[in-house]
Amino acid sequence: MPRRRLFARLTRGVGAFLASPFGVFFSNETTQDGMPMRQATADLNEEYYARIGQIEQANPHDILEIEASDGVSAIRWEDVLSVYAVKVTTDGVNGIDVVTMDEQKKEILRGVMWDMNQITYRSVTVKKEVEVVTEDEDGNEVVEMQEIEETTLTIYLHHTTPEQMAAAYGFTEQQNEHLALLRHEEYSVMWASLLGGFTHGGGMIGSDADWVGTGIFAWPLPQSFTITSQFGYRTDPFTGEISYHSGTDIAAPYGTPVLAAAGGTVTVANATDPWGGSYGYYVKIQHDGTFDTLYAHCSSICVTPGQQVQQGEVIGYVGSTGNSTGNHLHFEVWENGQRQNAMDYFDA
């Protein structure tokens, strides 16, 4: 069915959408008996990640890995809300409006969220020999090999697709049409803006950093700033234990533009889940079929999945979302699907 005809059919048939398919883009104004949608999703986010936190606490580990069925370590709230909106508005017997939220509707949304986001986990302990960076008495870095016993806790997030939920909920042909309209790619920015993680921005910025890429990469910030945590195994200065860090942390002021380290295609642009599987609002870019880069803990992002970006293009802004104690960029380089030390690709 042509989109214009589908739009007309939707606006005629679902009065609860207030003469528009975007009644689901709820007002952020609270009412006497309601709450803003952003508050409802924030509350449910806390519940979801509290359950992950319970798993972490109950299973001592050295490394935490979060893997998702679709490669996105975040709740796809645009999918959850689309399914929820169709479920509650187009039910001919029990249909209700979605323009305002209350505890009853929040409970329905909670059910949809858990139906679409299942959590499982596995814990594995192995002995291995690793390079550990320490400092000698003169403050010089020393690299030595040590044998450690390492426990990796992997938490698996299984995201059920809207199509699968439509089948599970027994959606009618008309409901499936409404669902397709709400999920159309041109509305992805609207969803992200509704939930708080998207901002209009972009543009190109040159970097004056001292770090110079040795291959395809350029520094992902306008200045060098200070590297506060390196990639790999180090002796934790607080605990004295050997710990693993999956990227390079660069401290920078809140709102500092984050730059694409190389041209490529945006594969993940999480602007709807501020925890984002501990990454917060984050972006992942695929470069030339070999490399990927990841930019985490942003205050907001300004790109969408599938977007083509150039080296030096602004893709987001530094923040402290997700599992973070302060404003910084967590920067990762992946080669052939494996994390690498990003600093191996730069010279000062």
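Reader: Among contacts between residues at least 6 apart in sequence, what share join residues at least 24 apart?
Author: In this predicted model, 70% of those contacts join residues at least 24 apart.

Reader: How many helices and strands are there?
Author: The protein has seven helices and 17 strands.

Reader: And what percentage of the residues count as buried?
Author: Of 348 residues, 47% are buried.

Reader: What about the accessible surface, how much of that belongs to carbon and sulfur?
Author: Carbon and sulfur atoms account for 46% of an accessible surface of about 16700 Å².

Reader: Switching to α2. What span should the helix have, at 1.5 Å a residue?
Author: Helix α2 covers residues 37-58, 22 residues, so the expected span is 32 Å. Its end C-alpha atoms are 32 Å apart, which agrees.

Reader: Which residues of α2 are buried?
Author: Met37, Ala40, Thr41, Leu44, Asn45, Tyr48, Tyr49, Ile52, Gly53 and Ile55.

Reader: What do they pack against?
Author: The buried residues of α2 pack against three helices, α3 (77-89), α4 (103-116) and α7 (188-195), and against strands β2 (117-135) and β3 (141-159).

Reader: Now Glu67. Where is that residue placed?
Author: Glu67 lies in strand β1, residues 63-68.

Reader: Is Glu67 buried or exposed?
Author: Neither: Glu67 is partly exposed, because its relative accessible area is 41% and the partly exposed range runs between 20% and 50%.

Reader: Leaving aside neighbours within four places in sequence, which residues is Glu67 in contact with?
Author: Thr154, Ile155, Tyr156 and Leu157.

Reader: How many residues apart in sequence are Glu67 and Tyr156?
Author: They are 89 residues apart in sequence, with a C-alpha to C-alpha distance of 4.9 Å.

Methods: Residues numbered from 1 in each chain as written. Predicted model: local features only at pLDDT ≥ 70, side-chain atom pairs only at ≥ 80, totals over all residues. Heavy atoms only, no water. Helix = DSSP H or I, 4+ residues; strand = E, 2+ residues; numbered from the N terminus. Buried < 20%, exposed > 50% of the residue type's maximum accessible area, 1.4 Å probe, protein only. Contact = heavy atoms within 4.5 Å. Areas by Shrake-Rupley, 256 points an atom, 1.4 Å probe, with all protein chains shown as cover. Expected span 1.5 Å × (residues − 1).
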